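Me: I am new to this structure and would like to understand the words people use for its parts. Could you show it to me and then explain how each label is earned?

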Amino acid sequence: MTEDAIIIGGGFAGLSAAMQLARARRRITIVDTGEPRNRFAAHSHGFLAQDGRPGGEILADARRQLAAYETVTFRDAPAERLEGERDAFSLVTGDGGRIAARRVLLATGFEDQLPDIPGLAERWGTTVLHCPYCHGYEVGGGPVGVLARTSEAARFAAVVADWGNVTLFTNGVPEPDDQALAVLAERDVKLRPGRVTGIADGPGGLLSVETGPGIPTLVKALFVMPEARVRSAIPAERGLKLKETPIGNILHTDDMGQTSLPGLYAAGDIALGAANISLASANGVKTGVFLHHSLIWPAH
């Protein structure tokens, strides 16, 4: 049987899109491996009416609600390969299955490529963080760090300064220009030159940020903008058009969420770039609605 749509990725964007299609009584299969991007964080913040809940609990509730719709099927397996074209797609899954569908929605999210600094990866999601809007309030003010990866770090550090007293570790990235330096000075952001050579536990629960010989800098949390890579081989295999952003390449989509391959849509982080669960969910709703329209109107 041919599905109306396959949704690849069961995170906030994918499940939000699925809800719109399920309520339109469309037959859909959700293919997911159960590894959302935010699994490293104990709690989610900033999501209306869900503030402070673990992200996994929210997703589990969403899956239970979707399972009540008789046209929804879950396939807990990786999506290996996408063949075909609009109205005749075929997805090969890692468990040896094959699913036919008229439309496909990619909502796989990103993999965060963290800087190769000793001690950083094991603290990811606890005291090494990416989003001040998601976790900055819980840091509680005081000394915080921002680790530079690109020239966007100065802008990021100026924003993070609303959540604490910021030290910007330039980490080999060229220092900000005069205009950026003026903004950083106004925001009382301190610059620490030199490469960061390690992250370790410091006294009183602080992080010790090493920048070579000398006294390390102590902070309560370190904010990082990692490089983000699409968690799927399908875009490269199908030659999808990409868009360059400060955090990495995302998928180029039109106003309806359709990629450069007709009938293949994208939602969430991989279509938005920097995002959180509220934005991913909203984008999933929007893209799911437009995908539904495309099943009715050939021009969509």
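Reply: Gladly! Helices (H or I, at least four residues) and strands (E, at least two) are DSSP runs, numbered from the N terminus. With that in hand, helix H3 is followed by Gly140, whose phi is positive, near 85 degrees. This is a predicted model, in which local features need pLDDT of at least 70 and side-chain atom pairs count only at pLDDT 80 or more, while totals for chains, interfaces and linings use all residues. Residues are numbered from 1 along each chain as its sequence is written, and side-chain values use heavy atoms, with hydrogens and water left out.

Me: Why is Ala228 called buried?

Reply: Buried means under 20% relative accessible area, exposed over 50%, and partly exposed in between (1.4 Å probe, protein chains only). Ala228 has a relative accessible area of 3%, so the word buried applies. Its place is in strand E16 (residues 227-230).

Me: How do you know that the span of helix H2 agrees with its number of residues?

Reply: The expected span of a helix is 1.5 Å times one less than its number of residues. For the 13 residues of H2 (residues 55-67) that gives 18 Å, and the end C-alpha atoms are 18 Å apart, so the two agree.

Me: What makes the buried residues of H2 line one face?

Reply: The buried ones are Gly55, Ile58, Leu59 and Leu66. Seen down the axis, they fall within an arc of 95 degrees, so they line one face of the helix; the arc is that of the directions from the helix axis to the C-beta atoms. On the other side of H2, Arg64 and Ala67 are exposed. The buried residues pack against helix H1 (12-23), strand E2 (28-31) and strand E3 (72-75), where contact means heavy atoms within 4.5 Å.

Me: Which residues of H3 are buried, and how do you know that they share a side?

Reply: Pro132, Cys134, His135, Gly136 and Val139 are the buried residues of H3. They cover an arc of only 160 degrees around the axis, which puts them on the same side of H3. The face turned away from that buried side carries the exposed residues Tyr133 and Tyr137. Among what covers the buried residues of H3 are strand E8 (128-129), strand E9 (143-147), H4 and strand E15 (221-224).
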